[in-house]
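Colleague: Please take one part of this model and go through it closely, strand by strand. Then tell me how the other pieces are arranged, in words a first-year student can follow.

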Amino acid sequence: MTTKDRTYRSSAGIAGGVLLLAIVLWLGIDALFQGEDRTPWLALAAMILVVPLIVAFTLRPAVFADDDRLRVRNPFRIVVLPWGQVASLASGYSNEVIAASGTKFQLWALPVSLRDRKKATRRIAKAERGERAGGRAGGLGLGLSGGPAPDEGPARAKNDKVMDDLRELAETRGNAESAQGEVTVRWAYEIFGPALAGAVLLAILLATG
């Protein structure tokens, strides 16, 4: 039985993409209807080039996981890895999945936030200081409790916790019969096609101007 995908996306990326699209469309449509001479054509070509790229890098990235496979939708390709083909999931300056063949695929939808990691580290340190203070107070018979309880909030950065969940899935489902198969990669021609058309049109307009 196939379970429903767990879907992970970057809320900051989506918000930024929507804002960028609104700005580009506003400026582009204004140039289309208000521009003179070659300006409308240049605006059209620029929009055909830029809009797919904005979508690719902001709205498109996503990670889907179920009991059988990990599906990674990056800006320019979709990678499907059965759990049996996942060697590890690495977190450094970027989050990556490493296939059994050694090939690395970046998880664009799960960007690393050093700021969130620092906040999580400060939280853990604060909790540890509180536990030590509480332990000393308890030892003196004061019955005091210091610092926040460990279950008052996430101790790790959000995307680091997501990576932990994906690692758990890889470990528990890696040997399952339904989680075997080959890694597949499909290029995003729906992004390449319009962007290439826009680039060619823009180049022709600029060359003949």
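Modeller: Two strands are said to pair if DSSP finds at least two bridges between them. Keep in mind that the model is predicted. By that rule β5 and strand β6 (residues 95-99) are a pair: 5 bridges join them, in the antiparallel sense. One position to look at is L89, which stands opposite V97 in β6. These two strands belong to an open sheet of 3 strands, ordered β5-β6-β7, and the pairing in it is antiparallel. The edges are β5 (86-91) and β7 (104-106); each has a single partner strand, so one side of each has no neighbour in the sheet. From one strand to the next, the twist averages 25°. Helix α4 (residues 158-173) lies across β5 and β6, and its direction is at about 165° to β5.

The other sheet can be read in the same way. This open sheet has 5 strands in the order β1-β2-β3-β4-β8, again with antiparallel pairing. Its edge strands are β1 (6-8) and β8 (184-187), each of which pairs on one side only. Here the twist averages 15° from one strand to the next. At one end of the order, β1 and strand β2 (residues 62-65) are joined by 3 bridges in the antiparallel sense. Within this pair, T7 has F64 of β2 as its bridge partner.

Next come two helices. The axes of helix α2 (residues 39-59) and helix α5 (residues 189-207) come within 8 Å and cross at roughly 150°. Angles over 145 degrees count as roughly antiparallel, and α2 and α5 are therefore roughly antiparallel to each other. The crossing of α2 past α5 is left-handed. Residues of α2 in the contact include W41, L42, I48 and L49, while α5 contributes, among them, I191, P194, G198 and L202. Sorted by type, the residues of this contact are 17 nonpolar, 1 polar and no charged.

Helix α2 also takes part in an aromatic pair. A pair of aromatic rings is described by the distance of the centres and the angle of the planes. The whole structure holds 5 aromatic pairs. One of them is F57 with F76: the centres are 5.3 Å apart and the planes are at 85°, an edge-to-face arrangement. F57 sits in helix α2 and F76 in the loop between β3 (69-73) and β4 (77-82), so named parts 19 residues apart in the chain are linked by this pair.

Key:
Residues are numbered from 1 along each chain as its sequence is written. This is a predicted model: local features need pLDDT of at least 70, side-chain atom pairs count only at pLDDT 80 or more; totals for chains, interfaces and linings use all residues. Side-chain values use heavy atoms; hydrogens and water are left out. Axes are lines fitted to C-alpha atoms, for helices over the stretch in contact, and angles run from 0 to 180 degrees between N-to-C directions. Helices (H or I, at least four residues) and strands (E, at least two) are DSSP runs, numbered from the N terminus. Angles under 35 degrees count as roughly parallel, over 145 as roughly antiparallel, 65 to 115 as roughly perpendicular and the rest as oblique. A crossing is left-handed if the near helix is turned anticlockwise from the far one by less than a right angle, and right-handed if clockwise. Contact means heavy atoms within 4.5 Å. Ala, Val, Leu, Ile, Met, Phe, Trp, Tyr, Cys and Pro count as nonpolar, Asp, Glu, Lys and Arg as charged, and the others, Gly among them, as polar. Rings of Phe, Tyr and Trp (its six-membered ring) pair if their centres lie within 6.5 Å; planes under 30 degrees apart count as stacked, over 60 as edge-to-face and the rest as tilted.
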